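Here are a few notes to read alongside the model. Have it open on your screen and follow along point by point.

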There are 2 protein chains.
Amino acid sequence: MVSSEIDTGFAGVYFERNRERILADYFTLIRFPTVGADSKHLGDCAKAAAWLKQFLKPMGFSCELLTPATGLPVPVLFAERPGRPGSSTVLFYGHYDVQPEDPVDEWKTPPFEPTLIDNRVYARGAQDDKGQFFSFLYGLRALVEAGEDLPTIKILLEGQEESGSGAIAALLPELAPRIAADVLLVADTHSAPDFRPAIIAGMRGVQHFMVKLTGPSKDVHSGMHGGLAPNPALGIARLLASMFNPDGSVAVEGFRDGIAPPTEEEVRYATESTFDPEQYEKEVGCPPVGGTEGLPMVMRGSFEPTLEVNGIHGGYGGPGSKTVIPSSAFAKLSVRLVPDQSPAHVFNAIKAHLESHCPKGMKLEILEVFEGLPGFRLPIHSPVFRLAADALAKLDQRGPVFVWEGASIPIVSRLKQVSGAAPLLVGFGRECDNIHSPNESFGLDQFLDSMMWATLILKALV
Amino acid sequence: MVSSEIDTGFAGVYFERNRERILADYFTLIRFPTVGADSKHLGDCAKAAAWLKQFLKPMGFSCELLTPATGLPVPVLFAERPGRPGSSTVLFYGHYDVQPEDPVDEWKTPPFEPTLIDNRVYARGAQDDKGQFFSFLYGLRALVEAGEDLPTIKILLEGQEESGSGAIAALLPELAPRIAADVLLVADTHSAPDFRPAIIAGMRGVQHFMVKLTGPSKDVHSGMHGGLAPNPALGIARLLASMFNPDGSVAVEGFRDGIAPPTEEEVRYATESTFDPEQYEKEVGCPPVGGTEGLPMVMRGSFEPTLEVNGIHGGYGGPGSKTVIPSSAFAKLSVRLVPDQSPAHVFNAIKAHLESHCPKGMKLEILEVFEGLPGFRLPIHSPVFRLAADALAKLDQRGPVFVWEGASIPIVSRLKQVSGAAPLLVGFGRECDNIHSPNESFGLDQFLDSMMWATLILKALV
């Protein structure tokens, strides 16, 4: 083993020399349509996990594919590689599952056929999270091939991050002793809006569920039954509306219980990396006026909980008119939680609200419940953050910013608890990557940044 | 020509002798998938209209297929047969178009393959309106084949009743002089809940349109954008909710302007033919608690206007969770109008409400507007109603009831104005026919009742 001084050029040279092989591997991984939420893609997930196992083995990893006894058996890949004796232990987490590709007809290229246009790879999962974690693994591979000293590395790759991380959560009791680590490295986050590298200093938690209202036993004629049959499409609208105050804040009693507000220092740092409203509107296509009126953007986007309607459906949606009162209607809802909101408490508060506001004459069901995990904030003056900041300053001379993500990686909260490791979330996503949307993409420059970050931080942690 | 005494046995004998041919013709008509709202079924509509023309010609009708210069060219069939000199003139109206068949997977038999089970014909259009108007035409045919004296009969069969009657409306100026008549016969309505024959003494009018809200230019991540991006799925819910008061009444300013309340006698007659709440719940699967709280069922179902959500859609609706803020959401809405609400005034009131309540940061569009036609009530002591009551007393010794329909046949309002004829709406639909729903059906007993009614009323109008 050798321990040379690694700089950004190390990964850059490796990428140039091995470009063809790296892209071929990356594209192979993308082509598995690993929609982990959908049982019909179970086989694709299994194939992707097996392929990743074969990718890691030659790098000196002992690998194991794990599936829990209950739930959808989407495999979790656990791999371990001993490092230099006395070095620290790194637990690296990523997810090989992706969001569903719909609406399919808005894609300009096939969602699962990676297409390279102007040095960007277009495909579902090109960024989230295949591109992010795989570029990190290729950085690691460059170090391994160079015979570099490395820390002990444990890798957990799961296939259900987008749908609640059920398998990995179920496996945690058995995995607990094996994943103990000093640092929990996660590559699933964004750079700052000005592309400065970002260290995630906090994330919101998430919970989600579906609300369904049923009225008539079948769709009925809206003329003959209008004024008589209770209308679930209207009912769901009124029920959702009842959960909000006129100023946009959440009206559910108990929703805000226990919230720990951010410190002044946290708000000050967070404000540094916030979009300005004009830039936001340009990027997203609408002004940033969601959430509670009167609060600053940084509060609404990072430090305040939200209740979002991810989908609402009921009755006729085709061309022209169909004058029915639909039999049922549903909404898919998600909550972003902040420290120290309790997911169980929030869910119970919402359930109580829904039950007490259920429109007359309709049956209420709460389905597909993922009770979720809390948000967290990390100490910004910790040693691991200082190591990371030094490494990132080599990538960008402006140095990194701290970001309190509005998004969630619920499993990170769990891994943090179980592994005892200090989370270090650094990723190279950008708004223009369109994750969770049609035409997702990842730039090869982002891919290379991630490789560089991998080489720099892994060497710093030896 | 002969003019024998026609009783119910006349149609009964004809049906038994010609059962096979009648069903074959009826099934042929049903098999044309005449979804008039959907341009891809234009060819099917044209074929159905041509087939109906060939059906009427041998009965002594001169027939013409008409299409307007603008709009979807779904043909209108106009046919005319001179009657006994000095007899009255009857204008008979029906529609050969049907509602869309969705949700297709809830059908137990193929929607456009008529299936006879226990003397009921299952298919889209088996009742509404193919079964109703075609049984009437077969009653007429029985009279023609028997060489009976008849009134002058004009027939108008259109293919866009379920989607606004655009073609016939556009053709009305040119048709006006040709459709002048004494009585406007329409076979598109229901019997009373206890199956007593029903004479329609009033109908609500209808208008419909679609409301669309657009926020982000694409679906965006609900974690990263929650609290920032305005959410159209929530926006549409809050916008629809804003249109209603807590008691379920419509909160749109100006919505109730000009309403002429029913007379005490009308309410008394109407109450006779109203479901009781237990029977309603058994038939429909939910209690009749729609509309404005505190009003009696007969008011809510017949004499009060309604605003219904026929469909609401936005964002993710598939299995599991997809944590997006959708780019857009829409609702399909319809209004049932009562005398003397002005459709234009009501539409403008709703438009003004929607525009003034459009959620912040979103674009509002009002699309697919059918401004509609007013409701009407008919004088219940008129001579034509007395003739009809006498004829219906032969079908059912309890005699007919008067019904003020909650539903609408907007074109009837127009034909009434243009033809100068007294509307006489008698049909043999039943709640269990499931019109506008999966598994629509029509009983052969209902088909025969309609044939009998045709023979009795046409002879009474000679």
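The points below go from the two chains as a pair to the sheet they share.

1. Keep in mind that this is a predicted model. Start with how the copies relate: turn chain B by 180°, with 0.0 Å of shift along the axis, and it lands on chain A with an RMSD of 0.1 Å. That is what a two-fold axis does. Both copies use the same surface, too, as 99% of the contact residues of chain B recur in chain A.

2. Now the contact itself. Here 84 residues of chain B touch 83 residues of chain A. On the chain B side, strand β11 (residues 306-315) gives the most, with nine residues. Sorted by class, that side of chain B has 36 nonpolar, 34 polar and 14 charged residues.

3. Look at where the two β11 strands meet. They run antiparallel, and five bridges join β11(A) to β11(B). One pair to find is Gly315(A) with its bridge partner Gly311(B). Within chain A, β11(A) also pairs with strand β13 (residues 328-337), antiparallel again, over eight bridges. There, Gly311(A) has Lys332(A) as its bridge partner.

4. Zoom out and trace the whole sheet. How many strands form it? Eight, in the order β14(A)-β9(A)-β13(A)-β11(A)-β11(B)-β13(B)-β9(B)-β14(B), making an open sheet with antiparallel pairing. The edges are β14 (363-373) of chain A and β14 (363-373) of chain B, each paired on one side only. From one strand to the next, the twist averages 20°.

5. Finally, the helices. Helix α11 (residues 410-419) of chain A packs on the sheet, touching β9 and β14 of chain A, and its direction makes about 45° with that of β14(A). In chain B, helix α11 (residues 410-419) packs on the sheet against β9 and β14 of chain B, at about 45° to the direction of β14(B).

Terms used: Residues are numbered from 1 along each chain as its sequence is written. Chains are lettered from A and ligands numbered from 1 in the order in which they are written. This is a predicted model: local features need pLDDT of at least 70, side-chain atom pairs count only at pLDDT 80 or more; totals for chains, interfaces and linings use all residues. Copies are superposed by least squares on the C-alpha atoms of residues with pLDDT of at least 70 in both. Two residues are in contact if their C-beta atoms, placed from the backbone, lie within 7 Å. Helices (H or I, at least four residues) and strands (E, at least two) are DSSP runs, numbered from the N terminus. Ala, Val, Leu, Ile, Met, Phe, Trp, Tyr, Cys and Pro count as nonpolar, Asp, Glu, Lys and Arg as charged, and the others, Gly among them, as polar. Two strands pair if DSSP finds at least two bridges between them. Axes are lines fitted to C-alpha atoms, for helices over the stretch in contact, and angles run from 0 to 180 degrees between N-to-C directions.
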